[in-house]
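Trainee: I would like to learn how to read a model like this one. Could you take me through it, feature by feature?

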Amino acid sequence: MRSHIGDIGHLFTIISFISALLGVFAYWNASNKKALEEQTNWKTFARGLFGLHAISVLGIVVSLFMIIKNHWYEYHYAWNHSSNSLPVYYMVSAFWEGQEGSFLLWVFWHAIIGLLLLKWAKSWEAPVMTIFLGIQAILVSMILGVVIGDAKIGSSPFLTMAQAMPEAPIFQNNPDFVPEDGTGLNPLLQNYWMVIHPPTLFLGFALTLVPFAYLVAGLWKEKYTEWVKPAMNWGLPTALILGTGIMMGAYWAYETLNFGGYWNWDPVENAVYVPWLILVAGIHAMMIAQRRGTAMKLSTLLIAGTFFLIIYSTYLTRSGDLEDASVHSFTDAGMGLQLRIFLLALMVGITALIAWRWKKLPSDEKETETYSPDFWVFIGIAVIFISSIQILAGTSIPVFNKLFNTHVAPPANQVQFYSRIQIWFGVGFSFLAGFGQYLWWRGANKANFSLLLRKASYYGIATLFVGFIAVMLTNTFIPEIGQRVLEAGVENDEAKSKIVVDMLAYVLLFAGGLFAIISGGLALSKLLKKNQFKLAGGAVAHLGLGIMLIGILFSAGFSNTLSKNLTAEVISERQSEQFNAEHLMLRRHVPKRMGEFVLRYKGMRFEADGFPSFIPESKLLPLVDDTVLAVRDIEYEGKTYFKRGDSLRIFAQDTYYEIEFTDKNGKSFSLFPRAQVNDNMGLIASPDTRHEFNRDLYTHVSSIPNLKNFQWRGADTLRLRVGDTTFFNDFIAILDSVGPAKKIPGFNAEKTDIMMSAHLSILGRDTVFTAIPSLLIRHASTPSQAQMFTSTEDVPDIGLQVKMANIDPKTGIFTFATRSRQMDYVVLKVSEKPMINLLWTGTILIIIGFGIAWRRRLKENKETLDVRV
Amino acid sequence: MKKSHIIALVMIVVSGFLIFNLGEESSSYDSFATARERAKVGDSKSTHVVGKLKKDAMGEIVGLEYNPQVNPNLSKFILVDTLQQEEMVTLYQPLPPDLAKSDRVVVIGKFQNDKFIADEVLLKCPSKYEETEVK
């Protein structure tokens, strides 16, 4: 099995490719033949081919997963993405960490969706599946790994090590060499969100093909309006799932990465956000198309644009063309050329098809009246479109460079560049969402429009007023903005005017958000009263949008670095240095004031399998790899999990740094930011976040000392009697007791051994640390053979090491050897994200809104779905 | 003039402004020499300089300076740009912990008082996908 599985997987890939191609041919015939009997025959044949295709896709997935699950490291994919110590649930992530695996995931979702189409598409099946399988065949070709002449088509995930790295010397000597262990999964991806985020996102990717396939089938079969209903039925869940996937990614970034937020306007993020935006615009257009039979051309363009942008985003992130511009895009895995050809062909194909049918698409006979809610939906679509253009143009700079051989760099401050412009689109979205909803539920018409406009503007003015107050109050509480003025230099007029513009945008965004909430809320309550909750999708989603935008405004706009500017020095000559001082150093157990808190670094912590909490490093003695020795009992809530002397396995790659925050009332809590030391990537810091009702406290370590550079020095010898007090490295220490020990961690005692332990209390600033140095005497009865072993006791909290060197039974004096070293420290950054819960609440409401709308369309469109093609 | 024409016109104007803004805000790839020239003529825009860390004959990285016990918000390193010109880069942040691991470094910043002050450091670490060593 093991030596053939790669070939089996590869064979499945080839079968799935060929069956998809044949399927295209068969479905093409099924939809083009005149005679009904021929149609049916071809369709049956095509369905059989699709069944074969689906089974072989499953076969590819199973083969690859077996390779990963069984640690068969002769296969490059397993070696490159997994390792022996990787837990099973992360093997799922290892599956799609690579280019090939993520294409496979996408292909897999297509196979599942294809089965649903077979069940639901009815008369649309043949033309829709022709398109669907055509695209599917192209995607499968990305992982085909077949060489024809000089050209390599696709990159197979089933390469053996020797095939993947023919250059490596070890394979030139011994092609059958199998590595002992894999290189492991990128530690940043070892997070539960990374188990569910990629499948969700790729399901969203895969779903965008369905509305597109209906559109193309509609154009092809001259069903210029009928395609909209099924496309709407599929478009709503697509937007729901793609949006959820994007926000899961944002949440993952917020929880795991240390750039300090949830959205970084990175090309990888932009590349999926823009297609989603265009899809949402398309859903709005199709809504009008379904209601009035107008906006057909617009719907066509937007749905075609969505799918094109999905492929464009695939090209951007996977062809390697963006390598310089993005921190986390893929490098070219050898499918760059294929992707470029696919993109180009798709662009030409879509344009040609639409151009060919353009004249036949129904035009809107007269213009939509200003008083109609639809008019405002059109304006909203226009705003979405321009917003997308800005993001897309900025993200495509590397592509322009390639095309025109220029060397333009992306904006120096990416986040500011996008945020400062996109905030205005947010203002537009929120006011339009609110106004559109308002006109809709009030049933706007020619007669009442001016009245409604007047009423809405009262709301508008009220929200502006509230927005102004809210932003000014926040400015007073969070002086970040004022600092920005100083930072730029008060003299600088340009900087000042920039800040004024920003503040104006903040006020407007708050007002717009509030406006959308009010109008969405009013619409919702009206619908609930009339018992028409099924129509509330739009109201709920737009209400959510308002809440989300306010959440973004506060959590990003008023994100506040708490660890900033701790020194009392105000503006000095070193102004820019002072204002850039965002990180603070905490020495172990030395409290430091930071605004409302006193911070204390309490030491390193580890996690062990089966233990519900963190274990302080002072209770552990490293042995080999992940195995450590407990030098104290390890307890949690009264239950002892490990006894002194037990050996246990910890997750050694993750070190947590306990930072205690004590507020003015003396209440304290701890945060545990994490650092991983990885051979390939150096130190990887992940934040820890305290979620409060009205804000998050977010902290990550930005630098840790290399403890190997901390030399033990200051060797000293102390002679003490029980009860004596002395000084250890500036700390007061008391020898409490010395007595026989039952067990010494790390020693395999024999029956005749004599074991002694001393108990030392060392008084820290406000904590008492203990040291239990021990000693073992073997063959004590025969002095000539007697051997003495001592255990070294580390007290990392005060940087001390102590050993019991000798016992003098006559005098009762115990000799201890001590050494000390520099105290360790961490450098960290702490920031506050006000009102971030509004962002997540708004997100969930938008998702629910899509869900309600989907349910409604499914019900309403059900009867009318089966249109003869 | 129809409403749709007005809307189209507004869309074109706004898009044009955004493209113009992109041109204004976009940065450039420079060598240290051209970046210094820019600063001299009063250009206050930040620029991108691509380079590698300076290494000694043994291949060890030299010139990394970060002493958090003195100032956790100041670090310095020496970057050799693509024209082989060396320059000390000052960063008012902790030294990026994976700096020493990266084979290519992009600093975004500008010269101020003849010192190159970086606002941001982008690291291109040897990708996992290009792993060539087998243990």
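The dialogue below goes from one chain, to the contact between chains, to details of the other chain.

Mentor: Gladly! Keep in mind from the start that this is a predicted model.

Trainee: Let's begin with chain B. How many helices and strands are there in chain B?

Mentor: Chain B has two helices and seven strands. Following the sequence, they come in the pattern α-β-α-β-β-β-β-β-β.

Trainee: Is chain B spread out or compact, and why?

Mentor: The idea is to set the radius of gyration against what a globule rule gives for that chain length. For the 135 residues of chain B the rule gives 14 Å, but the radius of gyration is 21 Å, well over that, so chain B is more spread out than a compact globule. Along its principal axes, the C-alpha trace spans about 75 × 45 × 35 Å.

Trainee: What share of chain B is buried?

Mentor: Buried residues account for 28% of its 135 residues. As for contacts, take those in chain B with a separation of 6 or more: 50% of them join residues 24 or more positions apart.

Trainee: Now the strands. Which way do the partners of β7(B) run?

Mentor: Look at each partner in turn. Strand β5 (residues 86-91) of chain B runs parallel to β7(B), joined by three bridges. There, B:Thr90 stands opposite B:Ile117. Strand β6 (residues 104-112) of chain B runs antiparallel to β7(B), with nine bridges, and B:Phe111 stands opposite B:Phe116.

Trainee: What links β6(B) to β7(B)?

Mentor: The two form a hairpin with two residues between them. One turn residue to look at is B:Asn113, which has a positive phi of about 50°.

Trainee: And side chains on a strand, how do I picture those?

Mentor: In a regular strand, side chains alternate between the two faces of the sheet.

Trainee: On to the interface. How many residues of chain B are in contact with chain A?

Mentor: There are 43 residues of chain B in contact with 42 residues of chain A. On the chain B side, α1 (3-25), β1 (27-30) and β7 (115-124) each supply at least two residues. The most come from α1(B), which gives 11 residues. By type, the chain B side divides into 19 nonpolar, 13 polar and 11 charged residues.

Trainee: Which strands pair between the two chains?

Mentor: Strand β3 (residues 408-409) of chain A pairs with β1(B) in the antiparallel sense, over two bridges. The bridge partner of A:Ala409 is B:Ser27.

Trainee: Let's move into chain A. How do I read a helix crossing?

Mentor: Ask how far apart the axes are, at what angle they cross, and which residues meet. Helix α9 (residues 192-220) of chain A and helix α12 (residues 296-318) of chain A have axes that come within 9 Å and cross at roughly 145°. The crossing is left-handed. Contact residues on α9(A) include A:Phe205, A:Leu209 and A:Phe212, while those on α12(A) include A:Ile303, A:Phe307 and A:Ile310. Sorted by type, the contact has nine nonpolar residues, three polar and no charged.

Trainee: What is the strand order in the sheet that contains β10 of chain A?

Mentor: The order is β9-β10-β13, in an open sheet of three strands with antiparallel pairing. The edge strands, each pairing on one side only, are β9 (620-622) and β13 (647-649) of chain A. From one strand to the next, the twist averages 40°. Strand β10 (residues 627-630) of chain A and β13(A) share three bridges, and A:Leu629 has A:Ser647 as its bridge partner.

Trainee: One last skill, burial. Is A:Ser686 buried or exposed, and why?

Mentor: Count the other C-beta atoms within 10 Å: 20 or more means buried, 12 or fewer means exposed, and in between is partly exposed. A:Ser686, in strand β17 (residues 682-686) of chain A, has 21, so it is buried. Its contacts beyond four places in sequence include A:Thr256, A:Asn258 and A:His700. A:Ser686 and A:Tyr254 are 432 residues apart in sequence, yet 9.3 Å apart in space, C-alpha to C-alpha.

Trainee: And how many such atoms surround A:Met347?

Mentor: A:Met347, in helix α13 (residues 336-357) of chain A, has 13 other C-beta atoms within 10 Å, so it is partly exposed. From A:Met347 to A:Leu309 is 38 residues in sequence and 9.9 Å in space, C-alpha to C-alpha.

Definitions and conventions. Residues are numbered from 1 along each chain as its sequence is written. Chains are lettered from A and ligands numbered from 1 in the order in which they are written. This is a predicted model: local features need pLDDT of at least 70, side-chain atom pairs count only at pLDDT 80 or more; totals for chains, interfaces and linings use all residues. Axes are lines fitted to C-alpha atoms, for helices over the stretch in contact, and angles run from 0 to 180 degrees between N-to-C directions. Helices (H or I, at least four residues) and strands (E, at least two) are DSSP runs, numbered from the N terminus. A crossing is left-handed if the near helix is turned anticlockwise from the far one by less than a right angle, and right-handed if clockwise. Two residues are in contact if their C-beta atoms, placed from the backbone, lie within 7 Å. Ala, Val, Leu, Ile, Met, Phe, Trp, Tyr, Cys and Pro count as nonpolar, Asp, Glu, Lys and Arg as charged, and the others, Gly among them, as polar. Two strands pair if DSSP finds at least two bridges between them. The radius of gyration is taken over C-alpha atoms; the globule rule is 2.2 Å times the number of residues to the power 0.38.
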